[in-house]
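Dear colleague,

I am handing over the structure that we spoke about, and I would be glad if you could keep it open beside this message while you read. My notes follow below it.

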Amino acid sequence: MSFSDQFFRALGIAPGDRRQLNAFAARSGVSPARLRYYNDANVLPSGGDLPRVLEAGGISELELMLAMGRLSRDTLSAIQANAAAVAKLLQASQPGDAQTKTVVNAPRSALETALGRLYEGDCMDLMPTLDSDSVDMIFADPPFNLNKLYPSSINDNLKTERYLEWCEAWLAECIRLLKPGGALFLWNLPRWNAEIAPFLTSRLTFVHWIAVDIKYSLPIQRRLYPSHYSLLYYVKGPQARVFHPDRLPMQTCPHCAGDLRDYGGYKAKMNPKGVNLSDVWWDVSPVRHAKYKRRSGANELPLKLMDRIIEMSTDEDDLVFDPFGGAGTTYMAAELKRRRWIGIEIGPTDDIVRRFADIDQDRKLLTGQRNDLNALFPNKVRAMREMKGLWTCESVRAATVDHPQQLRLKAIANSSA
Ligand SMILES: C[S@@+](CC[C@H](N)C(=O)[O-])C[C@H]1O[C@@H](n2cnc3c(N)ncnc32)[C@H](O)[C@@H]1O
């Protein structure tokens with residue numbers, strides 16, 4: 001992740017020219033190492049460094065910030081106050097309107113099912129051919145710009161601002177396609193979603209930042225262990241048309257089915273249909289086992305994740321769109337859940353086509369996973385708890401009916417303990 005030397009350029013330092021860098025350091029009294037940090041992280045200098053840099057560069061703070069693409073609230077307010085004049089100035093130097101863009105490489109159809117169609121090509125060529133306000137839910141899991149090698153050989157090592165510009169371009173199209181009341185989900189590293197969120201918030205209604213607890217890299221020295229992916233959840237317009245999240249089973253010991261927490265007097269209040277889904281998802285495991293992987297490479301999302309998202313935000317027959325196919329997990333989940341879908345993958349689509357030829361394997365997996373939802377104790381866990389004499393919804397209910405007064409007293413005793 002690197003920026004394209006916007007800081008150096010604004011100060012007239014040619015990137016890579018050590019002589020110019022050292023001369024500027026001597027002039028400003030800010031060390032070359034510090035200047036390099038401001039440039040590489042595209043961070044505005046602060047403290048005593050800021051006036052020194054501005055004076056040596058003969059530049060105002062506002063101009064430096066604009067050149068670095070860093071806007072403060074103050075700057076935004078100033079632009080707002082002069083919106084007409086600024087727009088006129090910018091329009092003169094901007095390329096043509098995106099709406100008038102012609103599609104050069106029409107994506108080819110790679111697979112058609114009863115409910116969906118998969119294209120092979122660039123999503124930026126497909127989206128302009130789709131109608132505005134036509135899609136009920138969009139899920140996007142773009143490349144993370146981590147310099148990964150994809151089968152499509154796309155450039156996964158763009159300069160930071162180019163990557164963000166690209167994300168905003170395809171997201172703008174996604175937003176156009178989304179129906180009012182439709183939901184948009186964006187899966188990415190927290191580092192990227194933190195940058196993209198303000199763009200989305202300016203066009204859609206923020207619903208949640210869901211932290212999906214999956215370890216995604218090895219521990220790094222002097223950093224916290226990266227342990228969650230960010231799943232941004234937005235809707236078009238004031239509220240979602242569909243919202244029916246699954247309820248989850250209560251967490252129990254995987255070996256003895258016993259409680260992991262003391263539920264005390266709250267047992268009777270627990271919903272037999274399960275625990276409310278929160279904005280931290282801890283129960284989704286990565287697809288690691290080769291048996292379940294549909295594509296070599298580590299970027300295939302678990303079916304369980306897509307099942308949950310589609311269940312929460314769509315009804316049967318709704319239309320789902322995912323601009324980044326990968327191994328086709330979104331399309332498979334949509335098909336199995338009887339949603340219509342449109343998909344596209346820029347690289348080879350053979351893995352997705354093969355996956356659909358073997359759809360029963362995913363169907364079995366999905367059925368098994370859904371069996372454990374919307375009940376406080378899945379059947380297997382409940383049977384084990386009954387065998388061990390541990391409480392179940394039924395035993396608590398029976399106790400409440402038989403001895404309501406006793407149970408109330410016990411609850412009071414527990415809560416005051
Ligand atoms: C992170 S993977 C998606 C994985 C997918 N969610 C799954 O569970 O299998 C991103 C995919 O987007 C594809 N891709 C990248 N740029 C694209 C573009 N402009 N249009 C369509 N697909 C693209 C890449 O080839 C890669 O397969």
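**What was found**

At 13% relative accessibility, Cys393 counts as buried. Please keep in mind throughout that this is a predicted model, and that the values here were computed from it.

Since we are already at a cysteine, let me stay with the sulfur atoms. How many disulfides does the count come to? The count comes to zero, because a disulfide is taken to be a pair of cysteine sulfur atoms within 2.5 Å. For Cys256, which is in no disulfide, the nearest cysteine sulfur belongs to Cys253 and is 3.5 Å away. Cys256 is also partly exposed, as its relative accessible area is 31%. For Cys393, which is likewise in no disulfide, the nearest cysteine sulfur is that of Cys256, at 17 Å.

The overall layout may help you to find your way around the chain. The protein is divided into domain 1, which covers 6–93, domain 2, which is made up of 107–248 + 283–371, and domain 3, which covers 379–416. If you compare the C-alpha centres of domain 1 and domain 2, you will find that they lie 36 Å apart.

Next comes the ligand, which is surrounded by 21 residues, the closest being Asp141, Leu301, Ala327, Thr329 and Glu345. The shell around the ligand divides into nine nonpolar, seven polar and five charged residues. Which parts of the protein make the polar contacts listed here? In the case of Glu345, an N or O atom of the side chain is 2.6 Å from an oxygen atom of the ligand, whereas Leu301 places a backbone N or O atom 2.8 Å from a ligand oxygen. A polar backbone atom of Cys123, in turn, is 2.9 Å from a nitrogen atom of the ligand. Of the 610 Å² of accessible area that the ligand has on its own, the protein covers 98%.

Finally, there are the aromatic rings, for which a search of the whole structure finds 15 pairs. One of them is formed by Tyr37 and Tyr38, and it is tilted, with 5.5 Å from centre to centre and 55° between the planes. Is each partner buried, partly exposed or exposed? Tyr37 is partly exposed, with a relative accessible area of 45%, while Tyr38, at 6% relative accessibility, counts as buried. Another pair, Phe206 and Tyr234, is edge-to-face, with 5.5 Å from centre to centre and 80° between the planes.

With best wishes

Definitions and conventions
Residues are numbered from 1 along each chain as its sequence is written. This is a predicted model: local features need pLDDT of at least 70, side-chain atom pairs count only at pLDDT 80 or more; totals for chains, interfaces and linings use all residues. Side-chain values use heavy atoms; hydrogens and water are left out. A residue is near a molecule or strand if one of its heavy atoms lies within 4 Å of it. A polar contact is a pair of N or O atoms within 3.5 Å; within protein, one must be able to donate a hydrogen and the other to accept it, and residues adjacent in sequence count only if both atoms are side-chain atoms. Accessible areas come from the Shrake-Rupley method with a 1.4 Å probe; for residues, only the protein chains shown count as cover. Ala, Val, Leu, Ile, Met, Phe, Trp, Tyr, Cys and Pro count as nonpolar, Asp, Glu, Lys and Arg as charged, and the others, Gly among them, as polar. Domain bounds come from an automatic or database domain assignment. Buried means under 20% relative accessible area, exposed over 50%, partly exposed in between (1.4 Å probe, protein chains only). Rings of Phe, Tyr and Trp (its six-membered ring) pair if their centres lie within 6.5 Å; planes under 30 degrees apart count as stacked, over 60 as edge-to-face and the rest as tilted.
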